[in-house]
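Thanks, everyone. I'll keep this short: cavities to begin with, then one loop residue.

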Amino acid sequence: MKVIREADLIDSIAEALQYISYYHPPDFIRALAAAWEREESPGAKDAMAQILVNSRMCALGRRPICQDTGTANITIRVGAGARLDLSAGLQEAVDEAVRRAYRLDTNPLRASVVIDPFGARRNSGDNTPAMLTTEIVAGDTVDIHVSAKGGGSENKARFNVLNPSASVADWVVQTVETLGAGWCPPGILGIGVGGTSDKAMMLAKQALNDPIDMFELQRRGPRDRTEELRLEIHDRVNALGIGAQGLGGLTTVLDVKIRSFPTHAASLPVGLIPNCAATRHVHFVLDGSGPAVFAPPELADWPEILLDKANANARRIDLDALTDEVIASLTPGETLLLSGTLLTGRDAAHKRMVEILDHGGALPVDLKGRAIYYVGPVDAVGDEVIGPAGPTTSTRMDKFADRILAATGLRLMIGKAERGPAAIEAIKRHGAAYLIAVGGAAYLVSKAIKAARPVAFEDLGMEAIYELKVEDMPVTVAVDSEGNSIHATGPAKWRRKSGST
């Protein structure tokens, strides 16, 4: 019987979590590069270019691809002929690996897991516990999949029990159309069909670890009903015109992965889980000979992209001189380069600011004439000013928008993906504007930040309010002062009939 040492298990999972924090899977890079080459929408093409440049920078600098370094999802399939030599439970061993990976001094990863989902939502501080799934299988090795799943895409997971005669493709396409861009496309769709409610969702999550092979499938054609369904959903979702970051374009999904399982005769459970442009996972096998070894991907997998050319026509905006005229001149889809003073604030900071305002208090920061960036950065290392600092999903701040805009004189909000109707109405009412940075380009964005210091709510950790000094930070105008949104006009422009190009 092969014996898998606890130290080898912990070391391997910890190293895997570090590895996937800065290395995209090579198949994802190749698929995204091919989509970038084909893309015709200028905004979507620029967004994909930023994601690819960011990915290469992270591979070279060994820093996180996205500031949301995700929950640790670990799937372990233990061979019946193998023995895990553990000093405690498997969950405890895996949590120790997560703890080591997320607290590594040379590349600390953001701790996002909160202990009590109902109460104070206190952060565990080390991203434990891991989301662990185990299975006993045939064989004498231990097979492990490690992935890091960000909240933006995880929040868009959906489940439904369809009638057995219903179309899975119809439900998936209709559902994706309602998700918006908060899951940071282009990415992967994981779909689980059959089993029970929990089984279908697990199948969908596991499918996201399958290799990307859509181009090969398109070339050779389908061999069974599952492959026919993958092709249909891929074609129809991309025909929606959502595009990279929801800006409108040819590619919304790079692949569609489907796993199925027998189910009750009266049921057709379907789980849908999208994976974002920060797709991160790795697979390895432990056979008792020692810890896993992970080889870096080839730099040739990344295309050479010069962002200076893409930014040549961008307009420079001085954040320290935001006048009514400047705000009114912004147009949806326009590329800007921001310089000057930028404040940060996410859910917890917004909630606290509104509570202070509701009690007649004065805010600890002056937002009048300012811009606020929805971000929770990774801790800095070495001589960094700040760690990877990409945007978070803006709709979570929608319920605070009108109150903050009305009470403070805030002029610009910066995040990712679309805003809801209430937030857009508030933007229009107060003559403000909303900009987006590219989700999945966190390290690239951080290089535009030249100084950072906490100025309020430091007890909130990564959700504290920081004052940033930025220089040529790339953004796109998403909602102008009249309430016009690129997330409505962009996809509408690029929507096409399924099967067309």
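**Cavities and a loop glutamate**

Start with strand β5, residues 142-149. With 3 residues, β5 gives the most to the lining of the largest cavity. Keep in mind that this is a predicted model.

So much for the strand. Which residues line the largest cavity? They are S147, A148, K149, K205, L208, N209, N275 and R280. By class, that lining divides into 2 nonpolar, 3 polar and 3 charged residues. The space inside is about 60 Å³.

How many cavities of 30 Å³ or more does the structure hold? The count is 3.

On to the second largest. Its volume is about 40 Å³. The lining of this second largest cavity is P25, D27, F28, I188, L208, D210, I212, K257, T279 and H281. Here the classes come out as 5 nonpolar, 2 polar and 3 charged. Look at L208 on your screen. L208 lines the largest cavity, and L208 also appears in the lining of the second largest.

Now the loop residue, E334. Where does E334 sit? Find α11, at 324-328, and β12, at 335-344; E334 lies in the loop between them.

What does the E334 side chain touch through a polar contact? The partner is the side chain of R315, at 2.8 Å.

Then the wider surroundings. Set aside the neighbours within four places in sequence, and E334 is in contact with R315, S329, V475, T476 and V477. So R315 turns up in that contact list as well as in the polar contact.

That's my part. Over to you for discussion.

Methods: Residues numbered from 1 in each chain as written. Predicted model: local features only at pLDDT ≥ 70, side-chain atom pairs only at ≥ 80, totals over all residues. Heavy atoms only, no water. 1 Å grid on protein atoms, 1.4 Å probe; cavity = no way out; pocket = protein on both sides within 12 Å on 5 of 7 lines; lining within 4 Å. Points joined across faces, edges and corners; volume = space filled by probe spheres on them. Helix = DSSP H or I, 4+ residues; strand = E, 2+ residues; numbered from the N terminus. Nonpolar A, V, L, I, M, F, W, Y, C, P; charged D, E, K, R; others polar. Polar contact = N/O pair within 3.5 Å; in protein donor to acceptor, adjacent residues only side chain to side chain. Contact = heavy atoms within 4.5 Å.
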